[in-house]
Amino acid sequence: MTLFLLISFLGACAIGLIVGWRVRPGEGWSRVVIIQMLGCAVAVGGVIVAAEAGSAAARSLGLLAIVAGCAGLCGGFIAARRLDEGAPPS
Amino acid sequence: MMENLTLTIAIGWSLAAALFAVALWSARGDDLPRAAWAALAGMAVLGAVTVYGHDVMALPKICVAVLLGSGMGLALGRSVPRSALPALVAGLIGQAGLGAAFLGIAGLRNPHAFGLLDAAGDHILPEAAVEIALCVIFGALAAVGAVVLLWRGASRQGGIGPAMALIAALAGWAVAASAFLLDNIGMAVAGGLAGSAGTTFALRLCVGAGRKGLADAGARP
């Protein structure tokens, strides 16, 4: 399992490296918004913590992570749609 | 703590990872909404697989947290003026970093539940301690960086600044550290993609573009 995790992580890092290297002028905001949305995977971690935690404090922290992750995901999604409506900001 | 790797979970993780990669790869001006849909779909698949793979006891509370967070995000995304979208994105990145720091602290508060203790059950395993530390440090740095960026006025910056790409990368690395803490492959892929792409992008802006932003940097380095 840990080996699969490490291989998946390193493969993702390799793809991210290529994507970051190939960003063209004018694509910066698009990439950063998607990177921000990917960072919202903390919501999934929050689900695991809230599901498995034995203490109320840890469960509360997991629930806070879910709120933060879901807010980031939906906010980023709306931001991506609005960025597409016109020229990128500045 | 670790999910039993069944065929359904493996397929779900693979699908989520593929959707994340497609989202990041295809995020360009015209394709941005499609990329955002792919990222959202990947996150939905990952969330569904996670709920399927765990014995979720606090499902009502989790549903309330999901609805609350989604509502907040939708309200924020719709209400801010378009010129403030960069500041909004910076704030959301900081929020994600803070969430990752919460996950690390939760692991520290309740290590037994996440299988982070040694055989005797007295001490946290060294590798788990490193993962918790990375989770909290990267997450806190992303949150503090976002606050500093907002303080300085993210919306007044011309184009994408290296600082914005860097805090996005820090949030990604924090997610990757929490993925190793919680043994979740989908999170590891999302964190690895975000961290690696954000770091490379920030370095290109700092070094390759001479701190001027890609718009002034010509084509690829």
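How many of the 21 residues of helix 6 of chain B are buried? The legends below take you there, through a model that is predicted.

**Figure 1. Chain B as a whole is built from helices.**
Begin with the overall picture before zooming in. Chain B has seven helices and zero strands, so its elements, read from the N terminus, spell out α-α-α-α-α-α-α. Of its 221 residues, 50% are buried. Look also at who touches whom: among contacts between residues at least 6 apart in sequence, 66% bring together residues at least 24 apart. On the outside, chain B exposes about 9700 Å², and 68% of that comes from carbon and sulfur atoms.

**Figure 2. Helix 6 of chain B is largely enclosed by the rest of the structure.**
Here is the reply to our opening question: 17 of the 21 residues of this helix are buried, which means that it is largely enclosed by the rest of the structure. From its first C-alpha to its last, helix 6 of chain B reaches 30 Å, close to the 30 Å expected at 1.5 Å a residue. Just after the helix comes B:Asp183, with a positive phi near 55°.

**Figure 3. An aromatic pair links A:Phe9 and B:Trp173 across two chains.**
Three aromatic pairs turn up over all chains when the whole structure is searched. In this one, the ring centres of A:Phe9 and B:Trp173 are 6.2 Å apart and the planes meet at 70°, so the pair is edge-to-face. A:Phe9 sits in helix 1 (residues 2-21) of chain A, while B:Trp173 belongs to helix 6 (residues 162-182) of chain B. How do the partners differ in cover? A:Phe9 counts as buried at 13% relative accessibility, whereas B:Trp173 is partly exposed, with a relative accessible area of 22%. Together with B:Phe180, A:Phe9 and B:Trp173 form one aromatic cluster.

**Figure 4. A:Phe77 and B:Trp37 make another edge-to-face pair.**
The rings of A:Phe77 and B:Trp37 have centres 4.8 Å apart, and their planes lie at 75°, so this pair too is edge-to-face. Because A:Phe77 is in helix 4 (residues 56-84) of chain A and B:Trp37 is in helix 2 (residues 32-53) of chain B, the pair joins two chains. A:Phe77 is buried, with a relative accessible area of 8%, but B:Trp37 is partly exposed, at 47%.

**Figure 5. B:Thr200 is in contact with residues of chain A.**
Find B:Thr200 in helix 7 (residues 185-208) of chain B. Is this residue buried or exposed? With 8% relative accessibility, B:Thr200 counts as buried, because the cut-off for that word is under 20%. The side chain of B:Thr200 reaches the backbone oxygen of B:Ser196 at 2.7 Å. Leaving aside neighbours within four places in sequence, the contacts of B:Thr200 are with A:Gly16, A:Leu17, A:Gly20 and A:Trp21.

**Figure 6. A salt bridge joins B:Arg34 and B:Asp31.**
Side chains of opposite charge can pair when their charged atoms come close. How many salt bridges are there over all chains? The count comes to one. The closest N and O atoms of B:Arg34 and B:Asp31 are 3.9 Å apart, which falls within the 4 Å cut-off for a salt bridge. B:Arg34 counts as exposed at 62% relative accessibility, while B:Asp31 is partly exposed, with a relative accessible area of 23%.

Definitions and conventions:
Residues are numbered from 1 along each chain as its sequence is written. Chains are lettered from A and ligands numbered from 1 in the order in which they are written. This is a predicted model: local features need pLDDT of at least 70, side-chain atom pairs count only at pLDDT 80 or more; totals for chains, interfaces and linings use all residues. Side-chain values use heavy atoms; hydrogens and water are left out. Helices (H or I, at least four residues) and strands (E, at least two) are DSSP runs, numbered from the N terminus. Buried means under 20% relative accessible area, exposed over 50%, partly exposed in between (1.4 Å probe, protein chains only). Contact means heavy atoms within 4.5 Å. Accessible areas come from the Shrake-Rupley method with a 1.4 Å probe; for residues, only the protein chains shown count as cover. Rings of Phe, Tyr and Trp (its six-membered ring) pair if their centres lie within 6.5 Å; planes under 30 degrees apart count as stacked, over 60 as edge-to-face and the rest as tilted. A polar contact is a pair of N or O atoms within 3.5 Å; within protein, one must be able to donate a hydrogen and the other to accept it, and residues adjacent in sequence count only if both atoms are side-chain atoms. The expected span of a helix is 1.5 Å times one less than its number of residues. A salt bridge is a side-chain nitrogen of Lys or Arg within 4 Å of a carboxyl oxygen of Asp or Glu.
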